[in-house]
Amino acid sequence: MPSVPQPTPPSPATTYTGLAARLLALPPSCGPARLVAVDGPSGAGKSTFAGFLAAVLVGAPVVRSDDFRVPWDADPLTWWRPLEEAVLAPLREGRPARLSRYDWHRDRYGPQEEIPPAPVLLVEGVGAAWAGSPAAFRVWIDAPRELRRARAVARDGAEYAGDWDLWASHESAFFAADRTRERADLHVDGAAFTPHRFRVYPADPSSGGLKSSASTSADGAPPDSSG
């Protein structure tokens, strides 16, 4: 009787648990924490990816660029100084940070919350992995522009489509000048990941990444819709 082919399990390099183990083995980069920067253009899936990774890294706090007020026409790094003052400086000294997160829909900051020093700190947003970031590990997430724009419009509303286009031009220029993508330790396909695993692609998209906005994950799950 011929043997029945068995499915090949995902490699540790494409699972969140495998990535978590890799991160915890790194030396700290911000006080006792290993700062993991999750970066990439708007709508690529950064927020969702960071959430999935945080679920595996139990107790790892997540701080996002959206936790700060960054106008559509602003410098993409507008949020970095407030992040440094409120979060990174205290954690670098081994002290708890205190952060009031910005509510974009209500245009106001929420109550102050404490962020204790932890083995891993996830920082997510455009500019998280810039040259001045004290990141121990940099993740770059990308997806085709038409998919990212559709996600952003679905998330923010069609009335902000023009604002998104303006922001996209700002972030594109920033990434090019900073060479953020080239600095990344891991390149993730934002068009196809699930709560359990993700797909990586080469740093050079011409060699295999970001080909189609209709991609799905290996198990047929739909593309991510946020971040």
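**View 1. Arginine 199 and its salt-bridge partner, aspartate 189.** In this predicted model, arginine 199 is partly exposed, with a relative accessible area of 36%. Its side chain meets that of aspartate 189 in a salt bridge, with a distance of 2.7 Å from N to O. Aspartate 189 lies in strand β7 (residues 186-193) and arginine 199 in strand β8 (residues 198-200), so the contact ties together parts that are 10 residues apart in sequence. Aspartate 189 is buried, its relative accessible area being 7%, whereas arginine 199, at 36%, is partly exposed.

**View 2. The salt bridge between arginine 183 and aspartate 178.** The side chains of these two residues, arginine 183 and aspartate 178, come together in a salt bridge whose N to O distance is 3.0 Å. Arginine 183 has a relative accessible area of 28% and is therefore described as partly exposed, while aspartate 178, with a relative accessible area of 12%, falls under the 20% limit and is therefore buried.

**View 3. Arginine 181 and aspartate 142 within a network of salt bridges.** Arginine 181 forms a salt bridge with aspartate 142, and the closest N and O atoms of the pair are 3.7 Å apart. This pair links distant parts of the chain, since arginine 181 belongs to helix α6 (residues 180-183) and aspartate 142 to strand β6, with their positions 39 residues apart in the numbering. Aspartate 142 is buried, with a relative accessible area of 8%. Both residues also take part in a network of salt bridges that links Asp142, Arg148, Glu171 and Arg181. In the structure as a whole, there are 17 salt bridges.

**View 4. Strand β1 and its covered faces.** Strand β1, which spans residues 34-39, is mostly covered, and 6 of its 6 residues are buried. The covering applies to both faces of the strand: on one side Arg34, Val36 and Val38 are buried, and on the other side Leu35, Ala37 and Asp39 are buried as well.

**View 5. The pairing of β1 with strands β5 and β6.** Strand β1 pairs in the parallel sense with strand β5 (residues 120-124), and 5 bridges are found between them. Within this pairing, alanine 37 stands opposite valine 123 of β5. Strand β1 also pairs in the parallel sense with strand β6 (residues 137-142), here over 4 bridges, and the bridge partner of valine 36 in β6 is phenylalanine 137. Strand β6 is also the element that holds aspartate 142, the partner of arginine 181 shown in View 3.

How values were computed:
Residues numbered from 1 in each chain as written. Predicted model: local features only at pLDDT ≥ 70, side-chain atom pairs only at ≥ 80, totals over all residues. Heavy atoms only, no water. Buried < 20%, exposed > 50% of the residue type's maximum accessible area, 1.4 Å probe, protein only. Helix = DSSP H or I, 4+ residues; strand = E, 2+ residues; numbered from the N terminus. Pairing = 2+ DSSP bridges. Salt bridge = Lys/Arg side-chain N within 4 Å of Asp/Glu carboxyl O.
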